[in-house]
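Dear colleague,

I am passing on the structure we spoke about, together with some notes on what I found in it. Please read the notes with the coordinates open beside you.

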Amino acid sequence: MTSKTIIAASISGLLLTTALPAQAAVFNRIASFPVAQNTPDAEESSSEIIYATEDGNMLVYSDSPAGGIGFTDITDPKAPKPAGFMSMEGEPTSVAIAGGKAFIGVNTSESYTDPSGNLAIIDIASQSIEATCDVGGQPDSVATSKDGSKVAIAIENERDEDLNDGVIPQLPAGTVVIFDIAGGMVDCGTMKTVDVTRISEIAASDPEPEFVDFNDAGEIVLTLQENNSLAIINAQTGTVTSSFSAGAVDLTNADTEEEGAFTFDGSLTSVPREPDAVQWLDNDRFVTANEGDYEGGSRGFSIWNKNGEVLWDSGMSIDHMVARLGHYPEGRSGNKGSEPEGLEVATFGPDTFIFVLLERASLVLVYKDTGGAPEFVQALPSGIGPEGAVAIPQRRLFVTANETDLRPDGGVGSHVMIYELQDSAEPAYPQIIADMNGDRPIGWVALSGLVADAETPGLLYGVNDSFLGMQPSIYTIDATQKPARITKQIVVTREGVPAQKVDLEGIALDGAGGFWLASEGRTDRVIPHALYHVNADGEIEDEVGFPPALMDNEIRFGMEGVTAVGSSDDLILWMAIQREWRDDPKNTVKLVSYKPSTGEWGAVSYPKAEPETGWVGLSEITAHGDYVYIVERDNQIAENAKIKKLYRVPMSEMVPAELGSELPVVTKQEVHDFLADLMAQNGYVVDKVEGFAIDANGEGFVATDNDGVDDSSGETFFWSIGLM
């Protein structure tokens, strides 16, 4: 079987699978630890490479921005606790553990041309440095042998990407160094320096070692990412026993343009894999995450043998699966897509799992090793930018370290997330997934509004917001399945092409097979505040802009939902304005009405909560029975989130007054607090509850908006709150 045949067969098998069936053993997230708890005074902190002590009760992670090492107590994995922080003299780049010691690669380089660093040996119990060994350059990955007798460090001596457009070679060359461990201590005098120059076809004089891992036979597999090469090293002798190119792949049905749409109609030819992380599967096979860094990145992962043969390659299956899960980073389409960067391999009972960390999609894809093509098992939601991971099989745990800290910009900080392998369980994630459309995925992100079909229980329609500005869409959702499934995508068009200058935030049925869509305007971006009437094929048949009586008091934040009351000539559309405009009293916001048959506008005033921090606004409006339901939320995230609630207003009070007059103030009653639902996901509380619909049976469904995976973990939660 040729390499290309293996790739094609593997993709076909993967795309038929979405998640483990109910009542199987699955990984589910049980806790999340904000690493800022270890560094409350640091402006920025991160969890990057992570390792666990041999008893599995303590996690140790590198924190480059804060300049040290963090400790997290997971004696109770469902309630992780801060356990200390050690500042380092330099930048910690990686961590490994053997016995009671942590081995830390520390970069002390003053420049790219004068790299330096050391291996710090830390006693975990006392959190003290016992010794350091000069490693002769800038360390990257650190690994210990299975028997705890050796430690290896990849000395990258990374290139200056601003020098000569980042083209290599840029000396000094990188190396690999190996130390002996005896009695729990590293003997600095045993250092072996492994010369890895002249083994690559690309920039042979300037190898840049990236990642090392030991097998049980005392062999080290090494990735040379920028050089697109791999090597096998005898750890005992410190010699390279084999080396080979990581090769290149041809990719089809790829999204190659950052055009604000999911197309997956491009091709990429001879893309170098440029592997980053590498992990042994056994003593003969290993797996690489082909992130790319220099001139490549094949958007997948590969399984190899020690002879350099590609046994299996994922092709485009990762990006396709990620798009179906709503996690595809459209802003990286022209670069490296989801960017598989990190790996972990571990055996739980009879099964060996491969965990693939996707840096830009903020997901972990889990596969089962079969000896041939791996079996896709499930997708795990992670924090933003998963960088490192560690499995703790004896405790049935898996842990990710997510490096991105957005607190300086008002966002969420870095988190360590903990998952448990649970028997006879259902996967908690994903909660919504899209089907394939032939050989391409139905890509979606940023669900910003929902409406239910009037007759079929569990049939919903959703819209995406301006993140996909070149592909405004209506999605058909089957909520009777678990996870819910997006079965169809209808692109909203104007004169036969995708409509421009729309920001869809709400959707309502028109009673005749079409829809009314609410677009949140932004005058400074020439996006009108408007209602769009579309037919069943998504073609815009009518556009209704806001009247001057509204626009005279415009503030940026416009419509966040639309709902329909009545039918035919009696149809009235009600829209929720997100926040106060200039003529609204403090902490009140308009619910605006429009009657299509007459063109009449009106409004009532809705009293919203006063925020503790930031602002509070409306995200959705849904008419059902004798009430109109309103989603009210603050713009806060994680521990700062306080208000994510559903209220209802009696329909009898929805009597619009003339715009510009004194508006009647409606009363509201709390129906449901979404905060508990979001906390039950065992991650951090996301900020945007934006979709709510009540189906033909009276069941309420909720969806969150993931901001298109832009400064977001990409997690979309979709759930039922029961009969209304």
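**Hairpins**

I begin with β16 and β17, which form a hairpin with four residues between them, and in the turn Gly 238 has a positive phi of about 70°. The two strands, β16 at residues 229–234 and β17 at residues 239–245, are antiparallel and are paired over six bridges, and Leu 230 has Phe 244 in β17 as its bridge partner.

Another hairpin is made by β8 and β9, again with four residues between the strands, and here the turn residue with a positive phi, of about 50°, is Gln 127. Strand β8 covers residues 117–123 and strand β9 residues 128–134, and six bridges join them in the antiparallel sense; within this pairing, Ile 121 is partnered by Ala 131 of β9.

**Confidence in the model**

Please keep in mind that this is a predicted model. The mean pLDDT of the chain is 95, with 97% of its residues at 70 or more. The part to treat with reserve is residues 1–22, where pLDDT stays under 50, although the model has 42 contacts for this stretch beyond four places in sequence.

**Two open sheets**

One open sheet consists of four strands with antiparallel pairing, in the order β10-β11-β12-β13. Strands β10 (139–144) and β13 (185–194) stand at its edges, and because each has a single partner strand, one side of each is left without a neighbour in the sheet. From one strand to the next the twist averages 25°. Inside this sheet, β11 (residues 150–155) pairs with β12 (residues 175–182) over six bridges, in the antiparallel sense, and Lys 150 stands opposite Asp 180 in β12.

The other open sheet that I looked at is formed by five strands in the order β31-β37-β36-β35-β34, and its pairing is mixed. Its edge strands are β31 (432–434) and β34 (447–452), each of which pairs on one side only, and the twist from one strand to the next averages 35°. Strand β31 runs parallel to β37 (residues 484–491), and three bridges join the two; Ala 434 stands opposite Ile 486 in β37.

**Nonpolar cores**

The largest nonpolar core has 97 residues, of which Phe 27, Phe 286, Ile 354, Phe 398 and Phe 718 touch the most other members. Strand β25 (residues 351–358) contributes the largest share of this core, namely six residues. Another core, of 35 residues, lies apart from it and includes Phe 546, Tyr 606, Val 649 and Met 654. As background, nonpolar side chains in soluble globular proteins tend to be buried together.

**A loop residue**

Finally, I looked at Ala 204, which is found in the loop between β13 and β14 (209–214). Is this alanine buried, exposed or partly exposed? Ala 204 has a relative accessibility of 26%, and because partly exposed covers values between 20% and 50%, Ala 204 counts as partly exposed. When residues up to four places away in sequence are not counted, Ala 204 touches Thr 197 and Arg 198. Its C-alpha atom is separated by 33 Å from that of Ala 401, a residue 197 places away along the chain.

With best regards

Terms used. Residues are numbered from 1 along each chain as its sequence is written. This is a predicted model: local features need pLDDT of at least 70, side-chain atom pairs count only at pLDDT 80 or more; totals for chains, interfaces and linings use all residues. Side-chain values use heavy atoms; hydrogens and water are left out. Two strands pair if DSSP finds at least two bridges between them. Axes are lines fitted to C-alpha atoms, for helices over the stretch in contact, and angles run from 0 to 180 degrees between N-to-C directions. Buried means under 20% relative accessible area, exposed over 50%, partly exposed in between (1.4 Å probe, protein chains only). Contact means heavy atoms within 4.5 Å. A nonpolar core is a set of buried Ala, Val, Leu, Ile, Met, Phe, Trp, Tyr and Cys residues joined through side-chain atoms within 4.5 Å. pLDDT is the predictor's confidence in each residue, from 0 to 100.
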